[in-house]
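Thanks, everyone; I would like to spend a few minutes on one model, starting with the sheet and then moving on to the pocket. Please have a look at it first.

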Amino acid sequence: MDVKAEAKKLEDKDWELKDEKLIKKFKFERFLDGIEFVNMLAQQAEKEQHHPGIRINYTTVTVVWTTFSTHELKERDIEGAKATDKIFG
């Protein structure tokens, strides 16, 4: 997989590629909707044993995918971003 090319494709789905990170903000009507999304994302991350950065700010959840141990974007991050979009629906 060409990680950079796949990351560019994700920019069409509102992911931002910045400094070897894929970043996206998800908006919800209610705070608890965002928390439910985070819980589903956490379950998926545990299953894959690869975890995103998550920031909750009231009804906005920001998700960051990168390989934190090496500070670079890898195939697992691309797959994580795609899975995040599926969870969001």
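Asn57 has Thr60, in β4, as its bridge partner, and I should say straight away that this comes from a predicted model. That bridge brings us to β3 and β4 as a pair: β4 covers residues 60-65, the two strands run antiparallel, and five bridges join them.

Stepping back to the whole sheet, we have four strands in an open arrangement, paired antiparallel and following the order β1-β2-β4-β3. Because β1 (16-18) and β3 (53-57) stand at the edges and each has a single partner strand, one side of each is left without a neighbour in the sheet. From one strand to the next, the twist averages 20°. Packed on this sheet is α3, which touches both β2 (21-27) and β4, and whose direction makes about 10° with that of β2.

Let me turn now to the largest pocket, which holds about 210 Å³ of space. Which helices each supply at least two residues of its lining? They are α2, spanning 31-48, and α3, spanning 75-88, and of the contributing elements it is α3 that gives the most, with six residues. If you want to find the pocket on the screen, look for lining residues including Leu41, Gln44, Ala45 and Glu48, together with His50, Trp65 and Arg76; Lys82, Ala83 and Lys86 are also among them. Sorted by class, the lining comprises five charged, four nonpolar and three polar residues.

I am happy to take questions.

Conventions: Residues are numbered from 1 along each chain as its sequence is written. This is a predicted model: local features need pLDDT of at least 70, side-chain atom pairs count only at pLDDT 80 or more; totals for chains, interfaces and linings use all residues. Side-chain values use heavy atoms; hydrogens and water are left out. On a 1 Å grid over the protein atoms alone, a cavity is a set of points where a 1.4 Å probe fits but cannot get out, and a pocket is an open set with protein on both sides within 12 Å along at least five of seven lines; lining residues have an atom within 4 Å of a point. Grid points are joined across faces, edges and corners, and a volume is the space filled by probe spheres set on the points. Ala, Val, Leu, Ile, Met, Phe, Trp, Tyr, Cys and Pro count as nonpolar, Asp, Glu, Lys and Arg as charged, and the others, Gly among them, as polar. Two strands pair if DSSP finds at least two bridges between them. Axes are lines fitted to C-alpha atoms, for helices over the stretch in contact, and angles run from 0 to 180 degrees between N-to-C directions. Contact means heavy atoms within 4.5 Å.
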